[in-house]
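Here is a colleague's note on the side chains of this model. Please read the points with the structure open.

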Amino acid sequence: GKKEAPPLSQVLNNYAAQLDQAKMPAGKKKVLQTALNLFANYGFHATTTAKIAKQAGISEGTIYKYFKSKDDLLGKLLEPILFEIKDNFFATIDDSQSLEELVTFIVADRLEFIEVNFAFIRLIIQEVLTNRLEPQYYGAFFNGDNGMFDRVRELQSHYPEINQQLTPSQLLRAFVGPILTYVVQGKIFQIPGTPTDRQVIVKQIIASLTFK
């Protein structure tokens, strides 16, 4: 059977829609919606709480009524997005799919997600690297119930050709390493891609998963 999931590229759109439907005070919702938009478009640094307040049409005091700081606001904003990504990253596993078909799908879908939401992905990476995003916001992303580590273990048991000695963090690195390197080369260092890039990434991932 197949567990269908929306393409990851829709995650932020889904999140904006969920936020719209969320049961919470109108002021708090307005702060989150405006911050999501401003952070994604202008980055965390360039977005002051004054700017958020002005665009949301509220006072700065309203922001601090709901969030301890700008960092706290960012954490509260990113947490559901990380969970949305976690729930969808390995969601489309078809019993009849070969490992190569699965990896090919994951690479194409995840690259599309990064393409569509690059400003936001960069924001998450920056905040984690500069230690402004506390581990409490993303710890469960990896280690929680049904977290990324659980997902890769499930894959490992599903495909006997995957090296069974690999730890969850090694498995995750096998997937994320080539994809992230490709994105950094193209998006940050502007190194042009070639038509065979995706096939090579798929082969690199399979080689890392199955080496003896």
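A salt bridge here is a side-chain nitrogen of Lys or Arg within 4 Å of a carboxyl oxygen of Asp or Glu. The model is a predicted one. Keep that in mind for every distance below.

1. **Salt bridges: the count and a buried pair.** How many salt bridges does the rule give? The count is four. One of them joins Arg-110 and Asp-109, with N and O 2.0 Å apart. That distance is within the 4 Å cut-off, so the pair qualifies. Are Arg-110 and Asp-109 buried or exposed? Both are buried.

2. **A salt bridge between helices.** Lys-187 pairs with Glu-115, and their closest N and O atoms are 3.2 Å apart. Lys-187 belongs to helix H10 (residues 168–188), while Glu-115 belongs to helix H6 (residues 99–116), so this salt bridge ties together parts that are 72 residues apart in sequence. Lys-187 is partly exposed, at 29% relative accessible area. Glu-115 is exposed, at 52%.

3. **A salt bridge inside one helix.** Asp-150 and Arg-153 also meet in a salt bridge, 3.0 Å from N to O. Both sit in helix H9 (residues 148–158). They are three residues apart there, so about one helical turn separates them. Asp-150 is partly exposed, with 29% relative accessible area. Arg-153 is partly exposed too, with 42%.

4. **A buried lysine without a salt bridge.** Side chains of opposite charge can pair when their charged atoms come close. Lys-29, in helix H2 (residues 26–42), is a case to check. Lys-29 is buried but makes no salt bridge. Which side chain of opposite charge is nearest to Lys-29? It is Asp-20, 5.3 Å away. The cut-off is 4 Å, so this pair does not count as a salt bridge. The Lys-29 side chain does reach the backbone oxygen of Asp-20, at 2.7 Å. Leaving aside residues up to four places away in sequence, Lys-29 touches Leu-19, Asp-20, Gln-21, Ala-22 and Met-24.

5. **Aromatic pairs.** The whole structure holds three aromatic pairs. Phe-39 and Phe-44 make a tilted one, with centres 5.2 Å apart and 45° between the planes. Phe-39 is buried, at 1% relative accessibility. Phe-44 is buried as well, at 4%. Phe-142 and Phe-149 also pair, with ring centres 5.7 Å apart. Their planes stand at 35°, so this pair is tilted. Phe-142 is partly exposed, at 29% relative accessibility. Phe-149 counts as buried, at 17%. Phe-141, Phe-142 and Phe-149 belong to one aromatic cluster.

6. **Charges over rings.** Which lysine has its charged end over the ring of Phe-44? It is Lys-70, at 4.3 Å from the ring centre. Phe-44 is thus worth viewing twice: once with its aromatic partner Phe-39, and once with Lys-70. Lys-51 lies over the face of Tyr-42, and the distance to the ring centre is 4.7 Å.

7. **An exposed asparagine in H2.** Helix H2 also holds Asn-41. Asn-41 is exposed, with a relative accessible area of 52%. Exposed means over 50% here, so Asn-41 meets the cut-off. Val-107 lies 66 residues from Asn-41 along the chain, and their C-alpha atoms are 25 Å apart.

8. **Positive phi in two loops.** Asn-146 is not a glycine, yet its phi is positive, at about 65°. Where does Asn-146 lie? It is in the loop between helix H8 (135–143) and H9. Asn-146 is partly exposed, at 38% relative accessibility. Gln-190 is another residue other than glycine with a positive phi, near 55°. Gln-190 lies in the loop between H10 and helix H11 (197–210). At 60% relative accessibility, Gln-190 counts as exposed.

Terms used
Residues numbered from 1 in each chain as written. Predicted model: local features only at pLDDT ≥ 70, side-chain atom pairs only at ≥ 80, totals over all residues. Heavy atoms only, no water. Phe/Tyr/Trp six-rings, centres within 6.5 Å; stacked < 30°, edge-to-face > 60°. Buried < 20%, exposed > 50% of the residue type's maximum accessible area, 1.4 Å probe, protein only. Lys NZ or Arg CZ within 6 Å of the ring centre and 35° of its normal. Helix = DSSP H or I, 4+ residues; strand = E, 2+ residues; numbered from the N terminus. Lys, Arg positive; Asp, Glu negative; His and termini not counted. Polar contact = N/O pair within 3.5 Å; in protein donor to acceptor, adjacent residues only side chain to side chain. Contact = heavy atoms within 4.5 Å.
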